[in-house]
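Student: Please take a close look at the aromatic side chains in this structure. I would like to know what the rings pack against and how the parts around them are arranged.

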Amino acid sequence: MTTVKRLMECVPNFSEGRNKETIELIVQPFRATEGVRLLDYSSDEDHNRTVVTVVGEPEPLKAAVLEAIGIAQKHIDLTKHEGQHPRMGAVDVVPFIPIKNVTVEDAIALSKEVGAEIASRYDIPVFLYEKSASAAHRENLANIRKGEFEGMEEKIKQEEWRPDFGPAHRHPTSGTVAVGARMPLVAYNVNLSTSNLDIASAIAKKVRFIGGGLRFCKAMGVELTDRGITQVSMNLTDFTKTALYRAHEMVRMEARRYGVEVVGAEIVGLVPMAALIDVAEYYLGLEQFSIDQVLENKIME
């Protein structure tokens, strides 16, 4: 009898988006480890960040992630890092997402195993976040990351910000890392016809939940200097409740008050098929459409 595989997804974010040699070294363990499949990796020079998407059985996935973190520690020095995206670590965040024959509880357990090993092996302080968080104020990654690498040197000495694993001091070049379990999210960016970062940031503030916007949306303004434009960079943490089209249209609506147009959009990394079907239903006005009508979905059953 064939054993049904247990599949966990991991989407580690590395604070390097410009040095292609370093990026290739970091992703190599995901290519070389049996039982792990590298699905995607995308780098952004403005953000100076690489997002990797891998799936695998829990144990080999754990081994590959830990090996990649070790490589990142050797090759990324945050004292020399600059980029548009907030960061507190060479490996900034390591989320585990249950995919097949595993539960959220399994993902939480794996995140704690990996967090403990990161601290033990690399002497990097680890914060548990999202569903793995040890306290309510640590659930939101933005709360943990506030102050970034530079501010973490003092922040981590405060009792309420002692790490869950590892030393209570920032690693001198690798900073700190957040590890946790979460459900799938969509990284979605909307580009604007303005180079004024203040406008993009103001729009992001209106769109994100903490500013009174969409419930499952985190957003910030980002400057794309090479293109002379800005963007509203968003994480949709539950696309079934905050749809892509809703986030897109809200950005467009808020942009009108500044006389700014939406000039493009991008998805970073992978996206669930259901999220795109939802967008198609909305913009095409499809009636009684089902994911079962998607050819590729039927083939994969």
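Tutor: The charged end of Arg215 lies over the ring of Phe216, 4.7 Å from its centre, and over the ring of Phe209, 4.3 Å from its centre. Such a placement requires NZ of Lys or CZ of Arg within 6 Å of the ring centre and within 35 degrees of the ring normal. The model is predicted: local features need pLDDT of at least 70 and side-chain atom pairs pLDDT 80 or more, while totals for chains, interfaces and linings use all residues. Residues are numbered from 1 along each chain as its sequence is written, and side-chain values use heavy atoms, with hydrogens and water left out.

Ring-to-ring pairs come next. The whole structure has 3 aromatic pairs; Phe, Tyr and Trp rings (for Trp, the six-membered ring) pair when their centres lie within 6.5 Å, with planes under 30 degrees apart counted as stacked, over 60 as edge-to-face and the rest as tilted. Phe127 and Trp161 are edge-to-face, at 6.3 Å centre to centre and 80° between the planes. This pair links distant parts of the chain, 34 residues apart: Phe127 is in strand β6 (126-130), and Trp161 is in the loop between α5 (148-155) and β7. Helices (H or I, at least four residues) and strands (E, at least two) are DSSP runs numbered from the N terminus. Phe127 and Trp161 are both buried, where buried means under 20% relative accessible area, exposed over 50% and partly exposed in between, with a 1.4 Å probe and protein chains only. The rings of Tyr282 and Tyr283 are also edge-to-face, because their planes make 85°, with centres 5.0 Å apart. Tyr282, at 44% relative accessible area, is partly exposed, and Tyr283 is partly exposed at 40%. Ring pairs join Tyr245, Tyr282 and Tyr283 into a cluster.

Strand β6 also holds Glu130, a non-glycine residue with a positive phi of about 50°. Glu130 is partly exposed, at 24% relative accessibility. In the loop between α3 and β6, Asp123 has a positive phi of about 60° and is not a glycine either. Most residues other than glycine have a negative phi.

Other rings belong to the largest nonpolar core, a set of 38 residues in which Phe30, Val94, Phe96 and Ile118 touch the most other members. A core of this kind consists of buried Ala, Val, Leu, Ile, Met, Phe, Trp, Tyr and Cys residues joined through side-chain atoms within 4.5 Å. Among the elements giving two or more residues to the core are α1 (20-32), β5 (91-100) and α3 (104-122), and α2 gives the largest share, 8 residues. Beyond its neighbours within four places in sequence, Phe96 has contacts (heavy atoms within 4.5 Å) that include Met8, Leu61, Leu110, Val114 and Val179. A second, separate core has 24 residues, including Val207 and Ala219.

One more ring sits in a sheet: Tyr188 stands opposite Met234 in β10. Here β8 (186-192) and β10 (229-236) run antiparallel and are joined by 7 bridges; strands pair if DSSP finds at least two bridges between them. The open, antiparallel sheet has 4 strands in the order β9-β10-β8-β11, with β9 (217-224) and β11 (262-268) at the edges. Helix α7 (244-256) packs on this sheet, touching β8, β10 and β11, and its direction makes about 25° with that of β8. The axes are lines fitted to C-alpha atoms, for helices over the stretch in contact, with angles from 0 to 180 degrees between N-to-C directions.
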